[in-house]
Structures are given as C-alpha cells and as structure tokens.
Amino acid sequence: EDLSLLPPAINIRPGVEYSSARRQWQGIPGIERTQRGLLLATWYSGGDTEGPENHILLVSSENDGRTWSDPLVVIDPPTPVRAFDPVLWHAPDGTLWWFWSQSYGLFDGRAGVWAVRCSDPSASTLAWSKPRRIFDGVMMNKPTVLRDGTWLASGAVWSYAHAGFVVREDM
C-alpha cells in the first residue's frame, strides 16, 4: 500500500513537538484573512531540512500579525510521507480551503495535491473536512476562478509541468 495516497490525520491538538521553540526552519508560507479579520498563516517545517519529516502547520493572529498563536492545526503524515507547500484560499462561496502537497520521501516523482475545507472560517473554532487527494503534482498558487465559475488550479510534477487542472467544487 502506498502511504502517500492515504489521507493523513488532521491534528487539531498539536503538542509541544510542533511549537515555535522546536522549529528549526520553515518554508513556503501562505496567509489568508477571514471575514471576521482573523489572519491565518501556514507553512511547512519538520526535521532539519526538506524531507520525510515535513509537516504543515496553521497558526492565527487576532491583532493583524503583531502576535501569533501556537499551531492550531498540524497535518503530519506518517514518515516517510511528507506534507509540504501549503496554500490557503477562500472560495467564492466563503469556504476556506487548505491545500498541500504530499509525497513519499523527498519527492516520489508524482506527489499529490490534497485539500481540506472549512465551511465556516468565521467560527471561533475551525472545523475541517476530511482530507482528499485532488490531483498529481504540487500546487504553489491559489486557484483562479474563471468567468463561468470553474476553478482553475495549476500543478506541476517537477520533471514536467501540467497547467490547467480543473478543480470542481463538488470534489
């Protein structure tokens, strides 16, 4: 069984092992603001560099970034699967999406873009859907909404690029 194709757990009570004091580095940050003004930031970290110990984190700020919470949510697949390159995005209906890539080891030649969504990002506690795999590759940009309402998300597999993956809202 390919562990990188299994949905990871969503850890809504991350322990001290994910604290800022233990973080050695971070990469590919993203940020989004909810309607109630809460800033949410995400990045990946874990281990001492890019590799199978990587995970993604979500933190918040209620004062325009002057201070930040401890990690609120962590997605940390079982080693040797890594989570990396997270993206936060508000869909036109107000749903908050949290995308990331997942790969077996540093890069398995395929990777995969995964997502969870929060239907009410203005709630005091964010509730997330189950993770689902959307397509092969790595997505490092927010989707674009076309005039007809279709979401266009670009993904890349490092040996070649794919442009124009269509992500449907009913996925």
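Start by selecting Ser45 and His55: His55, in β4, is the bridge partner of Ser45. Keep in mind as you click around that this is a predicted model. Now widen the selection to β3 (residues 39–45) and β4 (residues 55–61), and you'll have two strands that pair in the antiparallel sense over seven bridges. As background, strands of a sheet pair through backbone hydrogen bonds, either parallel or antiparallel.

Stay on β3 and turn on its side chains. Which residues point one way, and which the other? Leu39, Ala41, Trp43 and Ser45 go to one side, while Leu40, Thr42 and Tyr44 go to the other. That fits the general rule that in a regular strand the side chains alternate between the two faces of the sheet. How many of the seven residues in β3 are buried? Seven of seven, so the strand is mostly covered, given that buried means under 20% relative accessible area.

Next, add β2 (residues 27–33). β2 and β3 run antiparallel, joined by five bridges. Pick Glu32 and you'll find Leu40 of β3 standing opposite. The two strands make a hairpin with five residues between them, and in the turn sits Gly37, whose phi is positive at about 95 degrees.

While you're on β2, click Ile28, a residue of that strand. Ile28 isn't a glycine, yet its phi is positive, about 50 degrees. Most residues other than glycine have a negative phi, and most peptide bonds are trans. Is Ile28 buried or exposed? Neither fully: its relative accessible area is 31%, so Ile28 counts as partly exposed.

For another backbone oddity, jump to Ala111, in the loop between β7 (96–104) and β8. Ala111 also has a positive phi of about 50 degrees without being a glycine. At 1% relative accessibility, Ala111 counts as buried.

One more backbone stop: select Thr79 and Pro80. The peptide bond joining them is cis, with omega about 15 degrees. Pro80 belongs to the loop between β5 (73–75) and β6 (81–90).

From there, bring up the open sheet of four strands, ordered β6-β7-β8-β9 with antiparallel pairing. Which strands stand at the edges? β6 and β9 do, each with a single partner strand, so one side of each has no neighbour in the sheet. Going from one strand to the next, the twist averages 35 degrees.

Zoom in on β8 and β9, an antiparallel pair joined by three bridges. Trp114 is a handy marker here, with Arg133 in β9 as its bridge partner.

Now select Lys130, in the loop between β8 (113–118) and β9 (132–135). Lys130 is exposed, with a relative accessible area of 74%. Leaving aside residues up to four places away in sequence, Lys130 touches Ala115 and Val116. Add Ile10 too: it is 120 residues away along the chain, but the C-alpha atoms of Lys130 and Ile10 are separated by 8.0 Å.

Finish on the surface. Select Leu3, Leu6 and Tyr104, which form a nonpolar patch with about 240 Å² of accessible area together. Of these, try Leu6, in the segment before β1 (10–11). Leu6 counts as partly exposed, at 32% relative accessibility.

Methods
Residues are numbered from 1 along each chain as its sequence is written. This is a predicted model: local features need pLDDT of at least 70, side-chain atom pairs count only at pLDDT 80 or more; totals for chains, interfaces and linings use all residues. Side-chain values use heavy atoms; hydrogens and water are left out. Buried means under 20% relative accessible area, exposed over 50%, partly exposed in between (1.4 Å probe, protein chains only). Contact means heavy atoms within 4.5 Å. Patches are made of residues with over 30% relative accessible area and no salt bridge: like charges are joined within 9 Å, nonpolar side chains (Val, Leu, Ile, Met, Phe, Trp, Tyr) within 5 Å. Accessible areas come from the Shrake-Rupley method with a 1.4 Å probe; for residues, only the protein chains shown count as cover. A salt bridge is a side-chain nitrogen of Lys or Arg within 4 Å of a carboxyl oxygen of Asp or Glu. Two strands pair if DSSP finds at least two bridges between them. Axes are lines fitted to C-alpha atoms, for helices over the stretch in contact, and angles run from 0 to 180 degrees between N-to-C directions.
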